[in-house]
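Reader: I should be grateful for a close look at a single part of this model, namely one strand and the elements that surround it. Please proceed from the pairing of that strand outward to the sheet and the helices packed on it.

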Amino acid sequence: MFEKLSQIRIKGGPFTNPTYMQLFSKPREHLCLIYGRNGSGKTTISRGFSYIKNPNSFTTIQNCSLLDNSGNEIISPNLPNRVFVFNEDYIRDNIQISEQGLGTIVMFGLQGDLQGQINEKQSTLDDLNDRLNKVNSKLELHQDRRSAQSHLYFEEKIQTELRGDGNWAGRERQIRGTKTNVSVNKSVIEKLVKHRPAAEKKECFNDFQHKLKQYSQIRNESSHITADFSHIDYPVVQIKRIKSLLLKKIENPELTEREEYLLSLTPHENQKLYQIFADESQISCPVCLRPLSTDDKNHVIDVITNILNNELDIHLQNLQKTSLSVTASAPENCKQFTKEYIAVSDACVEINKQITYINNLIEQKSNNPYNPIEFDDQMLYKAISSYNKSIDVLSSRVAEYNLAVSDKLGMQKELTELNAFCGYYEIIGDYETYTQLKSLYDEYLSQHSELTKQIATCNNELLALQSRMKNTNIAVESINKDLCMALYDKDRLSLIDKGGVYHLQSQGFEVTPTQISTGERNIIALSYFFASIRDQTPVTTPYSDEVLIVIDDPISSFDRDNRIGITSLLQTKLEEVRKGNQNSRIIILTHDYETFFDLEKVCKMISQGTKDLNKCILDKLSLSTYDNKTPSVYTNLLHMVFEYAKSKSDELSLTIGNTMRRVLEAFSTFLYRKGVQEITRDEYILNLIDNISIRQYFRSKMFRLLLHGESHFEEQAKALNDMEFYERFSDLTKQSLAQDLLVFLYLIQPAHLLAHLREEEDVESHLQSWEQQITTIVNDKAV
């Protein structure tokens, strides 16, 4: 199982998004050593492994999974039981030191009569696991969305067939009038395939498009359209009279001088003359005053009578009366029915054109009444007939529109149903395949559930049998042996079993909880941790079950006196785990560089080299492979020296000598290809310091004695040898050496040092202050 482990995927805490981290890059790697400064996410990672063991352990962890080299999740019913995490949470939850003692560790002795039952139960469990593995293989195939043998493949395909503007979702959006397409889910799919349409596919799509066009026109309308759709009657009588008047011929008479004069008078004047000449007593002409005979009077009366009853005037009056006043126009509120409205409008234009033509003929006849005019009224007749037909079509469309406005909800419901029919035809073929594959998948899930229950029951029964084989004496003996190894004294601290309750003794006397240091408490916790792992395997074959062990900061917080001892204890325990099962994997995290190098040495001893070891750096929530020459390592070491130079950190005091050696060696090797002994004597390098007195100060400085020893940066310094440096110098002297070292680097390569310490505050002011201290010392000596 764990031989497949390559990486983890974690989300929670500072890892706001799923984050992948490569723990083992090669199959032969069994150990992973991770360095991460405080705040880098180290604790969250260890809690991620605790989440795998128990998902309810941390609410801050949303998910954490073990992945193989292909990115597939490692799944096994036994997985949670085979993951063991040692961190501050483990110590808090498992080590309670009180007046009543520690919690009981129970290990029963071997009992031969139980072995047969265990073997039989194990055989049953193996068979169940084999069957479960086969079912899992089938489930994996069905869970692969890329495989055409998976129901998920067809589920996704069906959803794609329904999504999009041109598919069911887009059409439904048009019906509802929403901005975005309607979502597609399983419920939608089930509704679409529930009823088979009576009509064929093509008919359903055509019917939908036709009704959608109608619905789009009235979607936002709430009132009916009213207009005059009555016919225009053809003016048969009027046209007949117009034709008659236009064809009538009026004679053009020849007039005497008197007739022309009388004709020039107005009808009123002629009427007055008529009365004068009709008077029998009138004997002279009122115009020329000459005498009038009876014949003259009668002739004048006849002429005036003809003038007053002139045929031409009557003809002209009749023509004027027969002018056509009929005009046609299309209803303006019907323009939305473009095709029908244009047809009516065109017919109106033609009618008005023909009426204007006829009225122009009447005017022409009035201007020249003596010439008859012929015309054909068929064009007017055709125009009126065309209008009446077009207005009927427009009236029908408006009536249909008004009906649709009255029943918008009914039309929307009908469109939804038609769209469902179209959606049915879009997916039915793939849906039938989907249901077949889904049925198979459900069957495999049922088998998986049943087998999982049987395995859980069998596991519990097996664990119950195995727990009866444990022996408490072995647990106590094992823990006491670990305490002796770590503390270099079998009597300094030991556990005494008193009726199942463990009491702590030191030098043969019981001690109270307040007399136990944090470091000693943590040594007990680490011993308990390994004992609890060992408890789950038979006495004769410890650590034989494959396990994943995660240890977070096992040394950094221990007492200085116990540093070497706890390192030795770790080496022994991890080596036992490594030998117990080749599939077991070990992950160790630390925030301390010195511990990192110590543990690297331990891991090398366990694996007899570096092939089984993967070293990593955790920085800014990202895990990368550790390189002995990587600048981030050198930068971190410089930060440590700068921190100690400022504040004499107790946490760094133990290892600061080794840290300074690594810094000076890295600086001299990488920048000048020189050893530590040469760099403070090289005239070219020393001449980079302008002040001659300070130059001499560093030339005589004993860097080569204080900082040069076994440690070699590229060969990974042995941090455990730093104890001599710790014992020889006081904290104040070590702080002064740290300040001198930084000033030396600053004076030679200021840009280099400032670049590596750019995250620190007030770097230059500190460096200049320490440089001034050196200047003061040099000047005092000169005086």
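**Strand S10 and its surroundings**

Author: In strand S10, leucine 589 is the bridge partner of isoleucine 34. The model is a predicted one, and the description that follows begins from this pair. Strand S3, residues 31–36, runs parallel to S10, and five bridges join the two. Strand S9, residues 548–552, also pairs with S10 in the parallel sense, again over five bridges. In that pairing, arginine 585 of S10 is the bridge partner of leucine 548, while isoleucine 586 of S10 stands opposite isoleucine 549.

S10 itself spans residues 585–590 and is mostly covered, with six of its six residues buried. Its residues point in two directions: Arg585, Ile587 and Leu589 one way, and Ile586, Ile588 and Thr590 the other, all of them buried.

The wider setting is an open sheet of six strands in the order S5-S9-S10-S3-S11-S12, with mixed pairing. At its edges stand strand S5 (83–86) and strand S12 (622–625); each has a single partner strand, so one side of each is left without a neighbour in the sheet. From one strand to the next, the twist averages 20°.

Helices pack on this sheet. Helix H19, residues 593–607, touches S3, S10 and strand S11 (613–619), and its direction makes about 175° with that of S3. Helix H17 lies across S5 and S9, and it runs at about 175° to S5.

H17 in turn has a helical partner. The axes of H17 (residues 518–534) and helix H18 (residues 563–580) come within 11 Å and cross at roughly 10°. Angles under 35 degrees count as roughly parallel, and H17 and H18 are therefore roughly parallel to each other. On the H17 side, the contact is made by Ile523, Leu526, Ser527, Phe530 and Arg534; these meet Ile566, Leu569, Leu570, Lys573, Leu574, Glu576 and Val577 in H18. Sorted by class, the contact of H17 with H18 has eight nonpolar, one polar and three charged residues.

In summary, S10 is joined to S3 by five bridges and to S9 by five bridges, its six residues are buried, and H19 is in contact with S10 as well as with S3 and S11.

Notes:
Residues numbered from 1 in each chain as written. Predicted model: local features only at pLDDT ≥ 70, side-chain atom pairs only at ≥ 80, totals over all residues. Heavy atoms only, no water. Axes fitted to C-alpha atoms, helices over the stretch in contact; angles between N-to-C directions. Helix = DSSP H or I, 4+ residues; strand = E, 2+ residues; numbered from the N terminus. Parallel < 35°, antiparallel > 145°, perpendicular 65-115°, else oblique. Contact = heavy atoms within 4.5 Å. Nonpolar A, V, L, I, M, F, W, Y, C, P; charged D, E, K, R; others polar. Buried < 20%, exposed > 50% of the residue type's maximum accessible area, 1.4 Å probe, protein only. Pairing = 2+ DSSP bridges.
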